[in-house]
Amino acid sequence: MEIITEEEVRHVARLARLALSEEEVKKFQRQLEKILEYVAKLRELNLEGVEPTTHVIPVVNRLREDRGKESLSKEEALSNAPNTEKGHFRVPKVIE
Amino acid sequence: MELCEQSAFVLHQMLVSKEISCREILLSLLNRIHSRDLNAYITLFEEEALKEAERVDQQIKRGEDLSPWTGIPLAVKDNICIQGKPTTCGSKILTSFQPPYDASVISKLKEKDCLFIGKTNMDEFAMGSSNENSHYHPVRNPWDPTRVPGGSSGGSVAAVASGQAIWALGSDTGGSIRQPASFCGVVGLKPTYGRVSRYGLVAFASSLDQIGPIARTVQDCALLLEAIAGYDSLDSTSLDRPVPLYSTNLKREMQGMKMGIPREFFGEGLDSKVEERIRFAIHQLEEAGVEPLEISLPHTEYAIATYYLIATAEASSNLARYDGVRYGYRTKSFRDLYEMQSKTRQEGFGDEVKRRIMLGTYALSAGYYEAYYGRAQKARTLIRRDFDQAFEKVDFILTPTAPTQAFKIGEKIEDPLQMYLSDIYTVSPSLAGVPALSLPLDIPKDGLPIGLQFIGKTLEEEKLLQIAFACEEMKILDNSISS
């Protein structure tokens, strides 16, 4: 049985916002299947009671003083946007 | 020896003694860049660098003090932000992106009057081991242009190896400094996670990414690390520890040190020529009084699987920001927001980046999270413990950097899993967060470099550099350059 089906590839592509071609769906299904088969070797490990590592070096949240600081100007923040209007990012209509 | 082949250390002395000008160094490099097309650079700052060199030369004329970094041309990997300069990450999606701020490492180097020569080619978003995944076409290995330079910092490394840069910054997530350093015969260091600020480094896998130095000598490597290391309030994972004077403290007595040779790194998949050369280096170190100890890092065989699950999961999340809204490429025609984003990403990302986003999204998706990402994070703990235990017995660990020498362009591009396996010796230290350095051994008869990897304890970059320096003195390695 396949680990990942073409239908699942299409579903994951929708989640990831990738408009894959049908050809890519087929190719990624084949390649992801092979990679998932390989990573399945982690199932051999007994991981009971093992803590997950999220950070290799334990760091605690460091809070700075709550004081305003200089940051990017609006102009700078918008300088790389593909479409702006009146100091805002412009996107297609999202509310019907 | 041409100026572009000199070390930063020597060039500094020549500048101080007014034997040469900064302009002469730069012209020597530009000449090399234009006479030999390796595609190492995506953007060159030729005019600006010449102006900057002029400024440095004026400084020298006025008799001002020069820092060891002043006027020494540096190449920067194109995923590190320099204000107002294109930062593409090797991707179509960031073709037009010009960051409005400097990465912290760049601010530090600007303070020291370092001279920036250009931004180097790389695998798209640092995803790859061969530099073939660049939207700006592959980089060629200076030792054999039909071969890859390794990846993902292939441009930085090829530039340093060929005299197109004196030194360079790279980034390393699972081996992206060390594996290409091994393929091109230069010194490359991945610092301890948190040693160098990641602020302004375009994120790939945030729990693994580190910026590091690439140079032709150990001393230059130490000097560049010295400039960029240290705490930064803009990176909450950066470590608040003093930065040693790496470059002036390189002498160390090797007698009586213990080196760990992990048996798992000398098994199946290791090319016999590479193994032979690494074994000889071990023998040379033994003659110098270093005691070899066979050790075991028992979870090594799970490292690649663990790495590719964690790195792709983090990447899928980090790369969600490229949606055609705030920066970069946006598709031309669309009906709604969903289509705008999906087509922008489909058209803007290359094959490997899409593959990793797909794998990462799958590994994090409902129903699979625990089976993939959760297991990988726990496996990471076991890999980390292997290193902790090993370092109770040894001062450092010695391994090959990569299982083979540089492979041919096109050889592995159709088989992603085979490509992933070329990182087999570099991903474990990345997962454990410990520092690791690749040192070039002398070039064998076939003309292709081989790298030796030294792995150290957390924050023991100083010791690694000292050991590497001793090897350099013993002529175990070769700093020759491909011209």
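# Charged and aromatic pairs in a predicted model

At a relative accessibility of 35%, D446(B) counts as partly exposed. The structure considered here is a predicted model.

**Exercise 1.** Determine which residue forms a salt bridge with D446(B), and place both partners in the chain.

*Solution.* Step 1: the partner is K273(B), and the closest N and O atoms of the two residues are 2.4 Å apart. A salt bridge requires a separation within 4 Å, so this pair qualifies. Step 2: K273(B) belongs to helix α8 of chain B, whereas D446(B) occupies the loop between β10 (436-440) and β11 (451-455) of chain B; the pair thus links distant parts of the chain, 173 residues apart. Step 3: K273(B) has a relative accessible area of 36% and is partly exposed, and D446(B), at 35%, is also classed as partly exposed.

**Exercise 2.** State how many salt bridges a search of the whole structure finds, and examine the pairs D102(B) with K110(B) and R178(B) with D172(B).

*Solution.* Step 1: over all chains, 33 salt bridges are found. Step 2: in the bridge between D102(B) and K110(B), the closest N and O atoms are 2.9 Å apart. With a relative accessible area of 14%, D102(B) is buried; K110(B), with 37%, is partly exposed. Step 3: R178(B) and D172(B) also form a salt bridge, with closest N and O atoms 2.9 Å apart. Here both residues are buried.

**Exercise 3.** Establish whether E226(B) is buried or exposed, and what its side chain reaches.

*Solution.* Step 1: E226(B) is located in helix α7 (residues 218-228) of chain B. Step 2: E226(B) is buried but has no salt bridge, as the nearest side chain of opposite charge, that of K112(B), is 8.0 Å away. The cut-off for a salt bridge is 4 Å, so K112(B) does not qualify as a partner. Step 3: the side chain of E226(B) instead reaches the backbone nitrogen of Y246(B), at 3.0 Å. Step 4: apart from neighbours within four places in sequence, the contacts of E226(B) include W69(B), V243(B), P244(B) and Y246(B).

**Exercise 4.** Give the count of aromatic pairs over all chains, then classify the pair F265(B) and Y425(B) as stacked or edge-to-face.

*Solution.* Step 1: the count is 16 aromatic pairs over all chains. Step 2: the ring centres of F265(B) and Y425(B) are 5.4 Å apart and the planes stand at 25°, so the pair is stacked. Step 3: F265(B) lies in the loop between β7 (258-262) and α8 (272-287) of chain B, and Y425(B) in the loop between α13 (416-421) and α14 (427-432) of chain B; the pair therefore ties together parts 160 residues apart in sequence. Step 4: F265(B) is buried at 0% relative accessibility, and Y425(B) is buried at 3%.

**Exercise 5.** Classify the ring pair Y369(B) and Y373(B) from its geometry, and identify the rings over which K41(A) and K92(B) lie.

*Solution.* Step 1: the rings of Y369(B) and Y373(B) have centres 5.4 Å apart and planes at 65°, so this pair is edge-to-face. Step 2: Y369(B) is partly exposed at 38% relative accessibility, whereas Y373(B) is buried at 10%. Step 3: the charged end of K41(A) sits over the ring of Y302(B), 5.8 Å from its centre. K92(B) lies over the face of Y329(B), at 4.8 Å from the ring centre.

How values were computed:
Residues are numbered from 1 along each chain as its sequence is written. Chains are lettered from A and ligands numbered from 1 in the order in which they are written. This is a predicted model: local features need pLDDT of at least 70, side-chain atom pairs count only at pLDDT 80 or more; totals for chains, interfaces and linings use all residues. Side-chain values use heavy atoms; hydrogens and water are left out. Helices (H or I, at least four residues) and strands (E, at least two) are DSSP runs, numbered from the N terminus. Buried means under 20% relative accessible area, exposed over 50%, partly exposed in between (1.4 Å probe, protein chains only). Lys and Arg count as positive and Asp and Glu as negative; His and the chain ends are not counted. A polar contact is a pair of N or O atoms within 3.5 Å; within protein, one must be able to donate a hydrogen and the other to accept it, and residues adjacent in sequence count only if both atoms are side-chain atoms. Contact means heavy atoms within 4.5 Å. Rings of Phe, Tyr and Trp (its six-membered ring) pair if their centres lie within 6.5 Å; planes under 30 degrees apart count as stacked, over 60 as edge-to-face and the rest as tilted. A charge sits over a ring if NZ of Lys or CZ of Arg is within 6 Å of the ring centre and within 35 degrees of the ring normal.
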